[in-house]
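Please look at the sequence and the three-dimensional view shown below. The explanation that follows is meant to be read with both at hand.

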Amino acid sequence: MTARRMLVVGAHSADFVWRAAGAVAKHTAAGGEAIVLALSYGERGESGELWKDPNQTVENVKRLRHAEA
């Protein structure tokens, strides 16, 4: 039998942690595979702390959020 797969789709790279972490943990603990698809880096709405730096750029925020993901 092949392993079952789960696709988790979220708007931003960290969204799945708050909304689906339990389901992902239970699924993978049972031998399943989970793939997380983030539709954006959340460079505007989810990255408020990063924008406190007046020299911040969109490109840098995306780079940092990519590393976090």
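The following paragraphs go from the overall form of the chain to its salt bridges and then to some single residues.

The structure shown is a predicted model. Its chain contains 2 helices and 2 strands. Followed along the sequence, these elements come in the pattern β-α-β-α. The radius of gyration is 15 Å, whereas the globule rule gives 11 Å for 69 residues, so the chain is more spread out than a compact globule. The extents of the C-alpha trace may be set beside this value: along the principal axes, the trace spans about 55 × 20 × 15 Å.

The next topic is the surface and the interior. Of the 69 residues in the chain, 22% are buried. The exposed surface of the chain comes to about 5300 Å², and carbon and sulfur atoms supply 56% of it. Contacts can also be sorted by separation in sequence. Among those between residues at least 6 apart, 52% join residues at least 24 apart.

Charged side chains come next. The chain carries 9 positive and 8 negative side chains. The centres of these two sets lie 8 Å apart. How many salt bridges does the structure hold? There are 3 salt bridges in the structure, and each may be considered in turn.

One salt bridge joins the side chains of D15 and R19, with a distance of 3.4 Å from N to O. Both residues belong to helix 1, which covers residues 15-29, and because they are 4 residues apart there, about one helical turn separates them. Are these two partners buried or exposed? D15 has a relative accessibility of 11%, and a residue under 20% is classed as buried, so D15 counts as buried. R19 has a relative accessibility of 66%, and therefore counts as exposed.

Another salt bridge lies in helix 2, where E68 pairs with R65. The closest N and O atoms of E68 and R65 are 3.4 Å apart. These residues are 3 positions apart in helix 2, which is about one turn of the helix. E68 is exposed, with a relative accessible area of 56%, whereas R65 is buried, with a relative accessible area of 7%.

The remaining salt bridge is formed by the side chains of E49 and K52, at 3.1 Å from N to O. E49 has a relative accessible area of 63% and is therefore exposed. K52 also counts as exposed, at 60% relative accessibility.

Attention now turns to the loop between strand 2 and helix 2. Where does E46 lie? E46 is in the loop that runs between strand 2 (33-40) and helix 2 (58-68). At 41% relative accessibility, E46 counts as partly exposed, because that class covers values between the 20% limit for buried residues and the 50% limit for exposed residues. Leaving aside neighbours within four places in sequence, E46 is in contact with H12, D15 and R65. Two of these contact partners have already appeared in salt bridges: D15 pairs with R19, and R65 pairs with E68. The C-alpha atoms of E46 and E68 are separated by 12 Å, and the two residues are 22 residues apart along the chain.

W51 lies in the loop between strand 2 and helix 2 as well. With a relative accessibility of 25%, W51 counts as partly exposed. Which residues does W51 touch, not counting residues up to four places away in sequence? They are E43, R44, Q56, T57, V58 and V61. A distance to another part of the chain may be added here: the C-alpha atoms of W51 and R5 are separated by 37 Å, and these residues are 46 residues apart along the chain.

The last residue to consider is K62, which is found in helix 2. Its relative accessible area is 33%, so K62 is partly exposed. Apart from its neighbours within four places in sequence, K62 is in contact with Y41 and E43. E43 is also among the residues that W51 touches. The C-alpha atoms of K62 and S40 are separated by 8.9 Å, although these two residues are 22 residues apart along the chain.

Note on methods:
Residues are numbered from 1 along each chain as its sequence is written. This is a predicted model: local features need pLDDT of at least 70, side-chain atom pairs count only at pLDDT 80 or more; totals for chains, interfaces and linings use all residues. Side-chain values use heavy atoms; hydrogens and water are left out. The radius of gyration is taken over C-alpha atoms; the globule rule is 2.2 Å times the number of residues to the power 0.38. Buried means under 20% relative accessible area, exposed over 50%, partly exposed in between (1.4 Å probe, protein chains only). Contact means heavy atoms within 4.5 Å. Accessible areas come from the Shrake-Rupley method with a 1.4 Å probe; for residues, only the protein chains shown count as cover. Lys and Arg count as positive and Asp and Glu as negative; His and the chain ends are not counted. The place of a charge is taken as NZ of Lys, CZ of Arg, CG of Asp or CD of Glu. A salt bridge is a side-chain nitrogen of Lys or Arg within 4 Å of a carboxyl oxygen of Asp or Glu.
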